[in-house]
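Reader: I should be grateful for a close look at a single part of this model, namely the sheet and what is attached to it. Please state the cut-offs behind each term as you proceed.

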Amino acid sequence: MKRIIIQFGGTGDLAQKKLFPAYEHLLGNGFDFTILALGRRFKDREQFVKSMVSKDASEQFLSRLEYLYYDMGDPEATVPLQRRLEELIADADEVELIYYMALQPSLYEEAIKQIQHVDAHLGCQCSLAKKIVVEKPFGFDLESAHRYNDILLKAFDDREIYRV
């Protein structure tokens, strides 16, 4: 199975300090996946790796780490994401997409709309599974938490949602 973690907020502190080291550890222990970090801070992978990844990172981790300049405010943002995912999927028979939301909660709604758009237009002749991971805090108060949960449930089944 081809497994891809699509890391929204791929240029943030959480990704740099916690998630990338954790991904490297998992890869080193035999887990098999590719990370596609999304962000707008860097224009290309070279700048991204130089600024965001430890100089001691393993070659195994670096070979599995992809970067895509991604501005969620761009109305055409989903086009390059969809293309890149199709390239990464290639001819795989089974694919699991794990969307990791290392974003502030106010961006969840737009990110989920974009995920839905990509999922609906993804040219994949494969068995496709998906999951989404959302970070705490989940909303600003009880009302916003319920609203974000309703948004999530429009795009994902409850069993596909992981709240950490």
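Author: The account below begins with the sheet, continues with a helix that packs on it, and then turns to the salt bridges.

The model is predicted, so local features are reported only where pLDDT is at least 70 and side-chain atom pairs only at pLDDT 80 or more, whereas totals for chains, interfaces and linings use all residues. Residues are numbered from 1 along each chain as its sequence is written, and side-chain values use heavy atoms, with hydrogens and water left out.

The sheet is open and consists of 6 strands in the order β3-β2-β1-β4-β5-β6, with parallel pairing. Strands here are DSSP runs of E with at least two residues, helices are runs of H or I with at least four, and both are numbered from the N terminus; two strands pair if DSSP finds at least two bridges between them. At the edges stand β3 and β6 (161-163), each of which pairs on one side only. Neighbouring strands of the sheet are turned against each other by 20 degrees on average, direction ignored. Such angles are taken between N-to-C directions and run from 0 to 180 degrees, the axes being lines fitted to C-alpha atoms, for helices over the stretch in contact.

Strand β2 (residues 34-39) runs parallel to β3 and is joined to it by 5 bridges. In this pairing Leu38 stands opposite Leu68 in β3. Although β3 is an edge strand, 4 of its 5 residues (65-69) are buried, so the rest of the structure largely encloses it. Buried means under 20% relative accessible area, exposed over 50%, and partly exposed in between, with a 1.4 Å probe and protein chains only. Strands β1 and β4 also run parallel, with 7 bridges between them; Lys2 has Val95 in β4 as its bridge partner.

Ser127 belongs to strand β5 (residues 127-134) and is partly exposed, at a relative accessible area of 45%. Residues up to four places away in sequence aside, Ser127 touches Asp93, Glu94 and Val95, where contact means heavy atoms within 4.5 Å. The C-alpha atoms of Ser127 and Lys2 are separated by 10 Å, although the two residues are 125 places apart along the chain.

Helix α2 is the next element to consider. What covers the buried residues of α2 includes α1 (13-28), β2, α3 (59-64) and β3. The buried residues in α2 are Phe48, Val49 and Met52. Viewed down the helix axis, they fall within an arc of 95 degrees and therefore line one face of α2; the arc is that of the directions from the helix axis to the C-beta atoms. The face turned away from this buried side carries Glu46 and Lys50, both exposed. At the N-terminal end of α2, Asp44 acts as a cap, with a side-chain oxygen 3.2 Å from the backbone nitrogen of Glu46.

The structure holds 9 salt bridges, a salt bridge being a side-chain nitrogen of Lys or Arg within 4 Å of a carboxyl oxygen of Asp or Glu. One of them joins Glu96 to Arg3, with the closest N and O atoms 2.4 Å apart. This pair links distant parts of the chain, 93 residues apart: Glu96 in strand β4 (residues 94-101) and Arg3 in strand β1 (residues 2-8). Glu96 is buried at 7% relative accessible area, while Arg3 is partly exposed at 29%.

A further salt bridge connects the side chains of Glu87 and Arg84, at 2.6 Å from N to O. Both residues lie in helix α4 (residues 78-89), 3 residues apart, and are thus separated by about one helical turn. The side chain of Arg84 also makes a polar contact of 2.6 Å with the side chain of Glu66. A polar contact is a pair of N or O atoms within 3.5 Å; within protein, one must be able to donate a hydrogen and the other to accept it, and residues adjacent in sequence count only if both atoms are side-chain atoms. Beyond its neighbours within four places in sequence, Arg84 is in contact with Leu36, Glu66 and Leu68.

Glu109 and Arg147 form another salt bridge, their closest N and O atoms being 3.0 Å apart. Glu109 lies in helix α5 (residues 108-121) and Arg147 in helix α6 (residues 142-155), so the pair ties together parts that are 38 residues apart in sequence. Glu109 is partly exposed at 25% relative accessible area, as is Arg147 at 44%. Finally, salt bridges with shared partners join Arg3, Glu96 and Lys131 into one network.
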